[in-house]
Amino acid sequence: MIAALVLAVVLIAVVAIAVTRVRALEGERRTLESERARLAAEGEQLRAQLAERRRDVDELIPYRDAVDAAEDWIWATDEDGTVRFSSPAAGALLGRDELLGVALSELTHPDDQAVGWSGVLRRKHADGSWRTVDSRSVRAGRGWQGIDRDLTAAPPASATPGVAVVRLPVVDGRREVIAYELIGDGDVLGGFSPAALLELGAGRPVWVGLDTAAPPELDRSRTVLQVTPSTPVEQAVALTAQGFALALDGFDGAAELLDHCGIVKVGVAGREDEDLRALLAEPASRGLTLVATGVAGAEEFTRCRLLGFSHFQGEFFARPAGEQGGGGAIGSLQALGELTTSDASFEQLERIISADVGLSVGLLRHVNSAFFALPRKIDTVREALTLLGPRAVRRWATVVALSSVPEAPDQLVALALLRGRMCELLGRGMSEEERDRLFTVGLFSVADALLDASMEHVLETLPFSDEITGALLRLEGPLGRTLGTVLRYEQGHFPETGDPAELAEAYLGALKWADDAGRWVAQ
């Protein structure tokens with residue numbers, strides 16, 4: 001009896017254990033089934049994400065070719081500033097094809113570290129030299145994405161160190177540029193290669209003084225050699241026999257060279273109408289092209305046209321015409337005034353630009369041009385602000401707004417860009433905000449001529465600081481001194497002290513940049 005009870009208890013215990021085990025196994029089975037279902041769902045989600053990433057990659061394939069072909073260096077870093085992507089252009093810019101894993105700070109000049117990764121700064125070349133670049137970067141996740149445009153290689157290479165050059169426009173009666181005169185502090189023909197001279201002309205003919213023998217490879221169709229009344233007739237005959245077009249600069253009445261020159265340049269400053277008529281009688285009777293030089297203002301321009309001149313040089317196009325036709329343009333400067341406010345927020349800039357249809361369309365057309373070489377098309381002002389940053393968008397919206405002034409001459413817009421950029425380049429090593437102010441001062445230095453109003457009147461409509469106002473009106477302060485240096489240099493007043501090489505490099509770099517930027521702004 002007792003044995004039976006013990007056996008029954010044992011059997012009950014075994015059954016209980018078995019039931020417990022079965023239940024545990026069933027629980028494990030359900031858990032495993034649930035985990036399998038979860039993993040299957042995650043796997044399906046991952047497959048969907050992978051398919052989406054593959055579609056994204058497929059859509060980006062055409063842009064990869066554009067990135068690989070871009071002349072500007074496109075890069076990306078992680079949160080520590082280590083390069084994680086580098087386009088092939090790094091080889092041409094920095095002499096290094098492999099930059100992955102290199103800290104961007106190692107490639108940046110120590111004096112430019114405070115500038116950050118946006119602005120004009122210097123990158124280290126593999127040979128130890130420094131390349132000046134215009135770098136633009138934006139946040140991308142925890143890291144950065146950026147693009148560097150080489151400014152060092154942009155200026156035409158001078159064959160003779162120390163030869164500085166500026167170009168002065170030659171305009172017709174409609175104030176359209178038909179050629180550029182190149183003047184320098186030395187032998188321009190000997191200081192630059194023929195290809196570099198034509199590059200300075202930005203697609204227009206160049207007029208160059210004849211200080212030495214003309215290089216035989218000069219393009220006759222795009223080069224005019226300038227001779228003076230003291231040039232031997234035999235030399236003029238030889239040059240015309242070689243196919244060169246000649247311009248007689250500083251014509252004083254002597255007719256010996258008129259048979260060999262198709263262009264005659266006459267200084268008009270300080271000469272009365274009767275004196276000019278007498279001086280022009282002979283070249284006019286021969287049907288030669290008459291160029292008035294030293295035309296200082298709108299009245300002088302009109303006087304010269306009535307006297308028979310067909311082409312003109314001078315500062316007149318950069319001064320108000322005095323026709324009082326700029327009232328409407330000044331009235332439209334409210335948006336421009338808001339744009340120039342440095343503390344405008346992201347949202348305020350978006351509102352200001354988007355509210356002006358012409359401005360927003362012009363800005364988007366410009367940022368989608370080859371000048372920026374962006375990897376994808378920008379469709380909205382918000383996208384432009386996100387990708388380029390408020391600083392760059394504010395700058396280019398201001399440029400577009402100025403160039404949209406009714407009947408704004410292309411040359412005047414080009415001059416504004418040149419002055420703004422050269423002022424900025426001369427501020428190398430300054431903070432981003434200081435360089436912005438320099439660019440603004442240079443850009444708005446032509447606002448009076450652009451709007452055909454006094455500078456005082458223009459500035460009344462713009463919320464500029466006293467520092468910028470003083471620089472534009474009276475060339476006061478550091479900003480004004482920089483602007484004054486630029487204004488003197490562009491007129492060919494080369495400095496005898498300081499660092500002339502710095503000015504020459506800044507001018508040529510700004511000239512190339514302004515030509516490129518102006519070409520896309522004008523479209």
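**Fold, sheet and internal spaces of the predicted model**

The chain has 20 helices and 13 strands. The model is predicted. The chain holds 523 residues, and 46% of them are buried. Contacts between residues at least 6 apart in sequence were also examined; 54% of these join residues at least 24 apart.

Five strands form an open sheet. Their order is 2-1-5-4-3, and the pairing is antiparallel. Strand 2 (83-86) and strand 3 (119-124) are the edge strands, each pairing on one side only. From one strand to the next, the twist averages 35°. In general, the strands of a sheet pair through backbone hydrogen bonds, in either a parallel or an antiparallel manner. Strand 1 covers residues 73-77 and runs antiparallel to strand 2. Three bridges join strand 1 to strand 2. Within this pair, T77 stands opposite V83 of strand 2.

The second largest pocket contains about 700 Å³ of space. Its lining comprises 33 residues. Closest to the pocket centre are E315, A318, R419, E490 and Q491. Several elements give two or more residues to this lining. The strands that do so are strand 6 (165-172), strand 7 (177-184), strand 12 (289-295) and strand 13 (311-314). The helices are helix 14 (410-425), helix 19 (477-490) and helix 20 (500-521). Helix 14 supplies the largest share, with five residues. By class, the pocket lining has 16 nonpolar, seven polar and 10 charged residues.

Two cavities of 30 Å³ or more are present in the structure. The second largest cavity has a volume of about 40 Å³. Lining this cavity are V399, L402, S403, V413, A416, L417, L443 and L450. Helix 13 (390-403) and helix 14 are the elements that give two or more residues to the cavity lining. By class, seven of the lining residues are nonpolar and one is polar. No charged residue lines the second largest cavity, whereas the lining of the second largest pocket has 10. Helix 14 thus appears in both settings: in the lining of the second largest pocket and in that of the second largest cavity.

Methods:
Residues are numbered from 1 along each chain as its sequence is written. This is a predicted model: local features need pLDDT of at least 70, side-chain atom pairs count only at pLDDT 80 or more; totals for chains, interfaces and linings use all residues. Side-chain values use heavy atoms; hydrogens and water are left out. Two strands pair if DSSP finds at least two bridges between them. Helices (H or I, at least four residues) and strands (E, at least two) are DSSP runs, numbered from the N terminus. Axes are lines fitted to C-alpha atoms, for helices over the stretch in contact, and angles run from 0 to 180 degrees between N-to-C directions. On a 1 Å grid over the protein atoms alone, a cavity is a set of points where a 1.4 Å probe fits but cannot get out, and a pocket is an open set with protein on both sides within 12 Å along at least five of seven lines; lining residues have an atom within 4 Å of a point. Grid points are joined across faces, edges and corners, and a volume is the space filled by probe spheres set on the points. Ala, Val, Leu, Ile, Met, Phe, Trp, Tyr, Cys and Pro count as nonpolar, Asp, Glu, Lys and Arg as charged, and the others, Gly among them, as polar. Buried means under 20% relative accessible area, exposed over 50%, partly exposed in between (1.4 Å probe, protein chains only). Contact means heavy atoms within 4.5 Å.
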